[in-house]
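Hi,

Here's the structure I promised to pass along. Have a look at it first, and my notes on what turned up follow underneath.

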Amino acid sequence: MPEGPEIRRAADRLEEILCGKGETRVWFAFPHLKRFEQRLEGARVVAVETYGKAMLTKFDNNLNIYSHNQLYGRWYCCDPAAPPRTGRRLRLAIHTSGQSALLYSASEIEVLESGAVADHPFLSRLGPDLLSPETSLPKVMERLGERRFRNRRLGRLLTEQSFVAGLGNYLRCEILFVAGLAPSCRPADLDPGRIELLARTMLELPRQSYETGGITNHLPRARRMLAEGSTFEEARFHVFRRNGKPCYRCGTTILRSDQGGQATWFCPGCQAGSLPQRAG
């Protein structure tokens, strides 16, 4: 599933090709949304905002298209006369005179009046967006100390969107590694210094991933690996999807654990605590 950084990068591209580019034409695949096509005809896109993994495309006529990519959704930006060759199903198209923004495979698409955005069932329960400039280190530290969160295991808590918005599995694994914590740890188990380290890492890694197109590894190391011929996938992570390979920091074999249907990659040498372990 695309995580906060990937959705924000997609939103940046949509803003680039849609905002200030004149009147639009909108097409929906879902029958219950067809009635909005005429209302959006000729409207102009004024902003594309993100809320964690959700996106809101805002028009100048008080309407907003809410979308959530879920597991398989993907945006393509292209010339209207040259759509991508893909086996995916087109769900939403936003056309200007020179560019098209096409959303494939997503199933969560809605049209909202501006006054209804704050009450949307998903948006209204989101925690602070870690990519937002308004989400500060003290705010994240305060969040970790709240009674409803402080006794939760981090392996589950970090991907709960009502705690903070935008984290998925790769960011969860990478944050826990950089902070030196096992998924079984709870905020209540940590001293103030470790809470600050965790909060700082929760802010820094998603923002680094956004700025680099998905790299959470130590940047000098990742750049060196790429220069030496490693693929982007090989260079981008500390531990995620690296089971059976040595930890860059201590040399211990990276392990994978599957608990509750969620795979976790971690270094038993660097991360305090324990999990059922298997290599390979």
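How are α1 and α7 oriented to each other? Bear in mind that this is a predicted model. The axes of α1 (residues 4-18) and α7 (residues 192-212) come within 9 Å and cross at roughly 40 degrees. Angles under 35 degrees would count as roughly parallel, and 65 to 115 as roughly perpendicular, so α1 and α7 are oblique to each other. The crossing of α1 past α7 is right-handed. On the α1 side, the contact is made by Pro-5, Glu-6, Arg-8, Arg-9 and Asp-12. On the α7 side, Pro-206, Ser-209, Tyr-210, Glu-211 and Thr-212 take part. Sorted by type, the residues of this contact are five charged, three nonpolar and two polar.

Now for the sheet. It's an open one with four strands, in the order β1-β6-β7-β5, and the pairing is antiparallel. β1 (25-28) and β5 (74-78) are the edge strands, each pairing on one side only. On average, neighbouring strands here are turned by 15 degrees against each other, ignoring direction.

If you want to zoom in on one pair, try β5 and β7. β7 covers residues 100-104, runs antiparallel to β5 and is joined to it by five bridges. For a spot to click on, Cys-77 has Ala-101 in β7 as its bridge partner.

Finally, back to the helix we started with: α1 lies across β5, β6 (90-95) and β7, and runs at about 30 degrees to β5. That puts α1 in both stories, with α7 as a crossing partner and with three strands of the sheet that it lies across.

Cheers

Conventions:
Residues are numbered from 1 along each chain as its sequence is written. This is a predicted model: local features need pLDDT of at least 70, side-chain atom pairs count only at pLDDT 80 or more; totals for chains, interfaces and linings use all residues. Side-chain values use heavy atoms; hydrogens and water are left out. Axes are lines fitted to C-alpha atoms, for helices over the stretch in contact, and angles run from 0 to 180 degrees between N-to-C directions. Helices (H or I, at least four residues) and strands (E, at least two) are DSSP runs, numbered from the N terminus. Angles under 35 degrees count as roughly parallel, over 145 as roughly antiparallel, 65 to 115 as roughly perpendicular and the rest as oblique. A crossing is left-handed if the near helix is turned anticlockwise from the far one by less than a right angle, and right-handed if clockwise. Contact means heavy atoms within 4.5 Å. Ala, Val, Leu, Ile, Met, Phe, Trp, Tyr, Cys and Pro count as nonpolar, Asp, Glu, Lys and Arg as charged, and the others, Gly among them, as polar. Two strands pair if DSSP finds at least two bridges between them.
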